[in-house]
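Here is a walk through one protein chain. Keep the structure in view and follow each stop in turn.

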Amino acid sequence: MTTTPGAGLGAMIRTWRDRLPPSAAALPVGRARRASGLRREELAELAGVSVDYVVRLEQGRATAPSAQVVAALARVLQLTVAERDHLYRLAHLVPPADGAVSDHVPRGVQRVLTRLGDVAVAVFAADWRLIWWNRAWAALLGDPSPAPPRLRNFARDRFPVNADPARLALWPVTERDSAATDAAVVSDLRRATGRFPGDARLAGLISELNAGNERFAALWTQGVVAAHREDHKTIAHPSVGPVTVDCDVLTDGDSDCKIVIMSAVPGSADETRLRLATVTGPPAPRCEPLPDR
């Protein structure tokens, strides 16, 4: 069986890596840089794999990456949906099905997010699983990367089961109206069930929270359907003190990904503390590998 030259898994990864300028991935561009696209080391770091594994993929010595690795590569390389699906097939995997909760961040969205600078921003899937965040987000709330991917979920943090600790905020966060935030998250999850009625991950999350958290179960029975759009939060940052931010939630229409942006009032003391937190907060990766479904 023959393969069209330049069309195999390794060749396509190299092609997509070479076409992506480092600035698109929020990486510095040094004068001594020879590569016009991403270096292998940069792709490996952003995708959460070893450099040796990237080399073996590109050289054709590794031909069966896991779905998690393929998803991470697709995200870092900022592939379109069609390109992402092609990458899955080259890896002998079935692309994510239509009608399922997507963990793919569209290329245009990624491009915009990398230009937001010091604004704290993260992307959540339709079931509120965290799938991308920037350094400012980790500096403001704490680095979520040590938590297992399936537990990086805002709904799980709001409605813990078996006294599970919060995974997405490492220090206390208060809202202007905590009860309204709880209700908004539950009603947003119910809305997601209409968009993705056959998604097993979403159904499993709701079943688990219904069985393990009385507050969630009570709100779920109310049957409210709505989208969570905005909030007002104060983060008790251990280095810079309390930071009050506006929290706005934008939604990508196709995948229902939620882009959460935290910003302070321009010229305020909170804006100063937010900027200071970005400098003094814990280091964090610019991107995190997408989780397995």
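Five residues lie between strands S1 and S2 in their hairpin, and among them Trp128 takes a positive phi near 70°. The model you are looking at is predicted. Around this hairpin, S1 and S2 run antiparallel and are joined by three bridges. Phe124 stands opposite Leu130 in S2.

Stay with S1, residues 120–124. Is this strand enclosed or open to the outside? Five of its five residues are buried, so the rest of the structure largely encloses S1. Both of its faces are covered. Ala120, Ala122 and Phe124 lie on one side, Val121 and Val123 on the other, and all are buried. S1 also pairs with S6, again antiparallel, through five bridges. There, Val123 has Ile259 of S6 as its bridge partner.

Now step back to the whole sheet. Six strands make it up, in the order S2-S1-S6-S5-S4-S3. The sheet is open, and its pairing is antiparallel. The edges are strand S2 (130–133) and strand S3 (173–175), each of which pairs on one side only. From one strand to the next, the twist averages 30°. Strands of a sheet in general pair through backbone hydrogen bonds, either parallel or antiparallel.

Follow the order onward from S6. Strand S5 covers residues 241–251 and strand S6 covers residues 258–263. The two run antiparallel and share six bridges. One pairing to find is Thr251 with its bridge partner in S6, Lys258. Helix H12, residues 269–280, packs on the sheet. H12 touches strand S4 (230–237), S5 and S6, and its direction makes about 90° with that of S5.

Next comes S4. A hairpin of three residues joins S4 to S5. Eight bridges link these two strands, which run antiparallel. His232 stands opposite Asp246 in S5. Which residues of S4 lie on its covered face? They are Asp231, Lys233, Ile235 and His237. The uncovered face has Glu230, His232, Thr234 and Ala236. S4 also pairs with S3 in the antiparallel sense, over three bridges. In that pairing, Val173 has Ile235 of S4 as its bridge partner.

Leave the sheet and turn to the helices. The chain has 12 helices alongside its six strands. Begin with helix H2 (residues 40–47) and helix H3 (residues 51–58). Their axes lie 8 Å apart, and they pack at an angle of about 115°. That makes H2 roughly perpendicular to H3. H2 passes H3 in a right-handed crossing. From H2, the contact takes Arg40, Glu41, Leu43 and Ala44. From H3, it takes Val51, Val54, Val55 and Glu58. By class, the residues of this contact are five nonpolar, no polar and three charged.

H2 has a further neighbour, H4. The axes of H2 and H4 come within 9 Å and cross at roughly 120°. H2 and H4 are therefore oblique to each other. Their crossing is right-handed. Leu43, Leu46 and Ala47 of H2 meet Ala72, Leu73, Arg75 and Val76 of H4. This contact has six nonpolar, no polar and one charged residues.

How many residues of helix H4 (residues 67–76) are buried? Eight of the 10 are, so H4 is largely enclosed by the rest of the structure. The buried residues are Val69, Val70, Ala71, Ala72, Leu73, Ala74, Arg75 and Val76. Just after H4, Gln78 takes a positive phi of about 55°.

Helix H5, residues 81–90, is the last stop among the helices here. The buried residues of H5 are Glu83, Arg84, Asp85, Leu87, Tyr88 and Leu90. His92 follows H5, and its phi is positive, near 60°.

Finally, look at the chain as a whole. Of its 293 residues, 50% are buried. Consider the contacts between residues at least 6 apart in sequence: 63% of them join residues at least 24 apart.

Notes: Residues are numbered from 1 along each chain as its sequence is written. This is a predicted model: local features need pLDDT of at least 70, side-chain atom pairs count only at pLDDT 80 or more; totals for chains, interfaces and linings use all residues. Side-chain values use heavy atoms; hydrogens and water are left out. Two strands pair if DSSP finds at least two bridges between them. Helices (H or I, at least four residues) and strands (E, at least two) are DSSP runs, numbered from the N terminus. Axes are lines fitted to C-alpha atoms, for helices over the stretch in contact, and angles run from 0 to 180 degrees between N-to-C directions. Contact means heavy atoms within 4.5 Å. Angles under 35 degrees count as roughly parallel, over 145 as roughly antiparallel, 65 to 115 as roughly perpendicular and the rest as oblique. A crossing is left-handed if the near helix is turned anticlockwise from the far one by less than a right angle, and right-handed if clockwise. Ala, Val, Leu, Ile, Met, Phe, Trp, Tyr, Cys and Pro count as nonpolar, Asp, Glu, Lys and Arg as charged, and the others, Gly among them, as polar. Buried means under 20% relative accessible area, exposed over 50%, partly exposed in between (1.4 Å probe, protein chains only).
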